[in-house]
Amino acid sequence: MQRVLTVRMAAKKAGLEKVPVIVKKFDSRDETIEYEYKMQLNSRRLTDGEYFAEFLKLDEIRRSNPNAQGSSDEAIGRQLNKSARQVCKMREIAKKADTSLLEKIQNGSISINKTHELIKTAEAKKKAGVI
C-alpha cells in the first residue's frame, strides 16, 4: 500500500493524471508477503542485518506452510537474491549464535560470513577440547 501512495504522489507532483497499474492476485497471505519481500529486496541495498531479519521471516513462513515445495534454502535464496549456501549459513547462525552475536549482525558491526566463521571456529575449539 505504501508503494501505491508513493507512486501516486510522485505522479501527481509530475502533473500526471493517469498512472499504469498492475494488479496482482495471490492465493494466500503467505504468497502476498513473499512477493512483497521480493519487491522490497529488489528495490534497495540491504545490510547483512536486514537480510538476516528477512531470512528469519521467510523461514518462518516456509516452516508454517505445509505445501511449501522444494528446498527451503534454495527457495529463500531466490527470494533474497542470495545463494542457498548463504541461506544455510544464516540458518546455522539462527540456531547456534548467542544473543550478542545476533545483536552485532543486526546493528551492522559484524557480517553474516564473519559470524558463521566465529561459530565454526568455536565449535572446532570445543571439539578439540581447547575450550
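In this predicted model, methionine 90 is in contact (heavy atoms within 4.5 Å) with Tyr51, Phe52, Phe55, Leu80, Lys82 and Ile112, residues up to four places away in sequence being excluded. Met90 also belongs to the largest nonpolar core, a set of buried Ala, Val, Leu, Ile, Met, Phe, Trp, Tyr and Cys residues joined through side-chain atoms within 4.5 Å. Among the 18 members of this core, Phe52, Phe55, Ile76, Leu80, Met90 and Ile93 touch the most other members. At least two residues each are supplied by α3 (48-64), α4 (72-80), α5 (84-96), α6 (99-107) and α7 (112-128), and α3 contributes the largest share, 5 residues.

Helices are DSSP runs (H or I, at least four residues), numbered from the N terminus; the protein chain has 7 of them and 0 strands. The end C-alpha atoms of α3 are 24 Å apart, in agreement with the 24 Å expected for its 17 residues at 1.5 Å a residue, where the expected span is 1.5 Å times one less than the number of residues. Buried residues (under 20% relative accessible area, 1.4 Å probe, protein chains only; exposed is over 50% and partly exposed in between) of α3 include Gly49, Glu54, Asp59 and Arg62. Of the 131 residues of the chain, 27% count as buried.

Valine 19 lies in the loop between α1 (2-13) and α2 (29-43) and, at 35% relative accessibility, counts as partly exposed.

Residues are numbered from 1 along each chain as its sequence is written. Local features of the predicted model require pLDDT of at least 70 and side-chain atom pairs pLDDT 80 or more, whereas totals for chains, interfaces and linings use all residues; side-chain values use heavy atoms, without hydrogens and water.
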